[in-house]
Amino acid sequence: MAILNFYLSNYMREKYLGHVMLVLAPLFDNFFLYTINDIPAAAMFNFAWEGALLIIVCEIFIRIEALPLIYRCTLEFLIVNQIPPLVYFVLPGKYHAMSATYFTFASIIDVTLGTLLMFAVANVYVNFLTKQYEELRMARYDGSHDGLTNLLNYDSFHNHMNELSQKSSKHQIICILDIDDFKKLNDTYGHLEGNDVLVYFTKRLFAEVKAHFGELASVYRFGGEEFCVSVHGVTVEDCLEMTDKLAEELRTKDYVTATGDKITVTFSGGIALGCDKKDIKNVLREADKALYYSKRHKKGSVTCAKDLEKKSTDTDMPLSY
């Protein structure tokens, strides 16, 4: 059961529990043998090396990812449960710690059958827990991702902003993008076609962001046709390069509607950079104002907040957050 607990604790990301059980199992086993006078007091401390051996063997097997978890667990049952009798038969008699009645051919058969029975029970238990874990994981995924585009959703972005608000916004960049004339596209071709355009745009946006920034960036769908990229540790110029590449990709690969019409999808954007004294929500507001400026003055462009005039009346648009 200690071995099973080790594998389950690894699966559930509570690895330390498995290590504790691997040490406690031989400790209790040796203590029981000591209390019934089958081993001397000194031999009771064999639990130390036995526990260490269990941890080493388990750590080796847990890394064999080619096999399903339950099969790795079963192989470990068979190996570990057979080690004591094998060691007993190999060691000279003076090193035997317990009575030979424990290690007969019949007892080895019993241990093997018991191990197989344990496997059957463990298999049912692991399948049950795995199903529960996957259902929980999917529920969390559905709660944090947009159902249409599979991007992180607005709730996830809200949580992200709350986390960032506890830190300095220095080197944090917020980039907001909005597909141009999306309402017109919906009115012309219908909402189903509009959804396909959103998916089309999302795939290219996500690919460009990951190609440029990897795990440094997160991509969110605000709702409708608006998207946000949050990235740390890069420059505004890096973000402009990413949006330029995205725009070029969209220009060279037109979207084709169900009726065969070719549409060049364009977007407008706003970028803002944080600093030590700037709250992350102010960075978000600046990016939103820069986006609004792009939409008003030059669709298909991306504006940096630092380039806007501080008192421009064109950017006086409230941000709903």
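# Notebook: a walk through a predicted model

**Entry 1: a glycine in a loop.** I started at glycine 300, which sits in the loop between α10 (280–297) and β7 (302–304). I am working from a predicted model, so I keep that word at the top of the page. Is glycine 300 buried, exposed or partly exposed? I found a relative accessibility of 43%, so glycine 300 counts as partly exposed. Next I looked for its partners beyond four places in sequence, and I noted contacts with Asp180, Phe267 and Ser268. I also looked up a distance: the C-alpha atoms of glycine 300 and valine 265 are 9.2 Å apart, with their positions 35 residues apart along the chain.

**Entry 2: the whole chain.** I then stepped back for an overview. I read off 10 helices and seven strands in the chain. The chain has 321 residues, and 38% of them count as buried. I also looked at contacts with a separation of 6 or more: 67% of these join residues 24 or more positions apart.

**Entry 3: helix α7.** Here I wanted to see how one helix divides its residues. Which residues of α7 (residues 182–189) are buried? I wrote down Phe182, Leu185 and Asn186. Looking down the axis of α7, I saw that these buried residues fall within an arc of 100°, so they line one face of the helix. On the other side of α7, I found Lys183, Lys184, Asp187 and Thr188 exposed. What do the buried residues of α7 pack against? My note names β1 (172–179), α8 and β5 (262–263).

**Entry 4: the two ends of α7.** I checked the backbone on either side of this helix. Aspartate 181 belongs to the loop between β1 and α7. Its phi is near 55°, a positive value in a residue other than glycine. I put a star beside that, because most residues other than glycine have a negative phi. Aspartate 181 is partly exposed, at 42% relative accessibility. Just after α7, I met glycine 190, with a positive phi of about 100°.

**Entry 5: another positive phi.** I found asparagine 150 in the loop between α5 (105–144) and α6 (154–164). Asparagine 150 is not a glycine, yet its phi is positive, about 65°. Its relative accessible area is 47%, so I marked asparagine 150 as partly exposed. Aspartate 146 is in the loop between α5 and α6 too. Is aspartate 146 buried or exposed? With a relative accessible area of 15%, aspartate 146 is buried. Setting aside neighbours within four places in sequence, I listed Leu151, Leu152, Asn153 and Arg221 as the contacts of aspartate 146.

**Entry 6: α8 meets α9.** I turned to a pair of helices, α8 (residues 191–213) and α9 (residues 236–252). Their axes come within 10 Å and cross at roughly 140°. I noted the crossing of α8 and α9 as right-handed. Which residues make the contact? From α8 I listed Tyr200, Phe201, Arg204, Leu205, Glu208, Val209, His212 and Phe213. From α9 I listed Asp238, Cys239, Glu241, Met242, Lys245, Leu246, Glu249 and Leu250. I sorted the residues of this contact and got nine nonpolar, one polar and six charged.

**Entry 7: cysteines.** Cys239 of that contact made me curious about sulfur pairs. How many disulfides does the model have? The count comes to zero. To see why, I kept the cut-off in mind: a disulfide needs two cysteine sulfur atoms within 2.5 Å. For cysteine 175, the closest cysteine sulfur is in cysteine 239, at 5.8 Å, which is too far for a bond. For cysteine 228, the closest is in cysteine 175, at 7.4 Å, again too far for a bond. I looked up the accessibility of both: cysteine 175 is buried at 1%, and cysteine 228 is buried at 0%.

**Entry 8: a phenylalanine outside.** My last stop was phenylalanine 45, in the loop between α2 (15–35) and α3 (47–62). Is phenylalanine 45 buried or exposed? I found a relative accessible area of 52%, so phenylalanine 45 is exposed. The C-alpha atoms of phenylalanine 45 and asparagine 30 are separated by 7.4 Å, and the two residues are 15 apart along the chain.

Notes. Residues are numbered from 1 along each chain as its sequence is written. This is a predicted model: local features need pLDDT of at least 70, side-chain atom pairs count only at pLDDT 80 or more; totals for chains, interfaces and linings use all residues. Side-chain values use heavy atoms; hydrogens and water are left out. Axes are lines fitted to C-alpha atoms, for helices over the stretch in contact, and angles run from 0 to 180 degrees between N-to-C directions. Helices (H or I, at least four residues) and strands (E, at least two) are DSSP runs, numbered from the N terminus. A crossing is left-handed if the near helix is turned anticlockwise from the far one by less than a right angle, and right-handed if clockwise. Contact means heavy atoms within 4.5 Å. Ala, Val, Leu, Ile, Met, Phe, Trp, Tyr, Cys and Pro count as nonpolar, Asp, Glu, Lys and Arg as charged, and the others, Gly among them, as polar. Buried means under 20% relative accessible area, exposed over 50%, partly exposed in between (1.4 Å probe, protein chains only). The arc is that of the directions from the helix axis to the C-beta atoms.
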